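This report describes the strand pairing, the helix packing and the covalent cross-linking of one protein chain. The sequence and the coordinates are shown first.

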Amino acid sequence: MAMTAPTPCDWPIDDSCLPEDADPAMRDTAVALATDVLWALSGRQYGACPVTVRPCPTGRYEACWCSSSCEATGPRVVHLYGPVDSVIAIQVDGVLLDDSEWVVEGNLLYRVGGVWPVQDRGRPLGESGTWSVEYRRGVRPPEQVGRLVGLLAAEFYAACTGGKCRLPRRVQTVSRQGVTMQLADPTDIYESGKTGIPEVDMWLAAVNPNHIPSGPVVR
């Protein structure tokens, strides 16, 4: 089961299609817009975003005020909201655990050679009796999608610099990071689910053929 990524985290970007002398601010804006559009049109299903949680293992509730995030099957294992892409760091009482002290299997995090400690939610993270897991949650987009991001970004860049582009012709003014552009109206793109770029639209048709705006939110 998958959880919809809240933002397009960690999308690959191949900017070789953009002009070498591209204005940096306009280039960054075009890339950001292209990423946002592809993330949305692909059903918001891709993106491995960093999150930090304070789990509480079953059977160790002495000082732990559990919420909906406390789902586990024993004192040696905790369930992380998934899909879990990778664990970045685990901190216990303000000290980082070595990678050899834990194992990830799917969305389950196991403690090696011991049990997970009590979680005291009455104290801020870093104090005695607290611990956390920082990990990337979500599904990474395929690496080759970076090329598609670059292709779409080049079209946005061309649209805002007066060049020839394949985007829908209706335009609107967009301001982002202090840069104002005249761009294709995204309404045209969202309504059709197509960008007008064959390479991009073929991928979108493959990963989101029914133009579903977002996937199910589950744990």
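In what order do the four strands of the open sheet lie, and is the pairing parallel or antiparallel? The order is S1-S7-S3-S4, and the pairing is antiparallel. The model is a predicted one, and the sections below treat its sheets, its helix contacts and its disulfide in turn.

## The four-stranded sheet

At the edges of this open sheet lie strand S1, residues 49-53, and strand S4, residues 95-96, each of which pairs on one side only. Strand S3 spans residues 84-92 and is joined to S4 in the antiparallel sense by two bridges. Within this pairing, Val92 has Val95 of S4 as its bridge partner. The hairpin of S3 and S4 has two residues between the strands, and Asp93 takes a positive phi near 55 degrees there.

S3 is also joined to strand S7, residues 131-137, by seven bridges, and these two strands run antiparallel. Here Gln91 has Ser132 of S7 as its bridge partner. In a regular strand, side chains alternate between the two faces of the sheet.

## The three-stranded sheet

A further open sheet consists of three strands in the order S2-S6-S5, with antiparallel pairing. Its edge strands are S2, residues 77-79, and S5, residues 102-105, and each of them pairs on one side only. From one strand to the next, the twist averages 20 degrees.

Four bridges connect S5 with strand S6, residues 108-111, in the antiparallel sense. One of the bridge pairs places Glu105 opposite Leu108 of S6.

## Packing of H1 and H2

Helices H1 and H2 pack with their axes 8 Å apart and at an angle of about 125 degrees. The angle lies over 115 degrees but not over 145, and therefore H1 is oblique to H2. The crossing of the two helices is right-handed.

On the H1 side, the contact comprises Met26, Arg27, Ala30, Val31, Leu33, Ala34, Thr35, Val37 and Leu38. These meet Leu148, Val149, Leu152, Ala153, Phe156, Tyr157 and Cys160 of H2. By class, the residues of this contact divide into 14 nonpolar, one polar and one charged.

## Packing of H2 and H4

Helix H2, residues 145-160, also packs with helix H4, residues 198-207; their axes come within 9 Å and cross at roughly 130 degrees. This crossing angle makes H2 oblique to H4. H2 passes H4 in a left-handed crossing.

Val145, Leu148 and Leu151 of H2 make the contact with Glu199, Val200 and Trp203 of H4. The residues of this contact divide into five nonpolar, no polar and one charged. Leu148 appears in the contact of H2 with H4 and likewise in the contact of H2 with H1.

## The disulfide

How many disulfides does the structure hold? There is one. Cys9 and Cys49 form this link, with their sulfur atoms 2.1 Å apart. The link of Cys9 and Cys49 is right-handed, with 95 degrees about the S-S bond.

The pair connects distant parts of the chain, 40 residues apart. Cys9 belongs to the segment before helix H1, residues 24-41, whereas Cys49 lies in strand S1. S1 is an edge strand of the four-stranded sheet, and the disulfide thus joins the segment before H1 to a strand of that sheet. A disulfide is a covalent bond between the sulfur atoms of two cysteines.

Definitions and conventions. Residues numbered from 1 in each chain as written. Predicted model: local features only at pLDDT ≥ 70, side-chain atom pairs only at ≥ 80, totals over all residues. Heavy atoms only, no water. Pairing = 2+ DSSP bridges. Axes fitted to C-alpha atoms, helices over the stretch in contact; angles between N-to-C directions. Parallel < 35°, antiparallel > 145°, perpendicular 65-115°, else oblique. Left-handed = near helix turned anticlockwise from the far one by under 90°. Contact = heavy atoms within 4.5 Å. Nonpolar A, V, L, I, M, F, W, Y, C, P; charged D, E, K, R; others polar. Disulfide = S-S within 2.5 Å.
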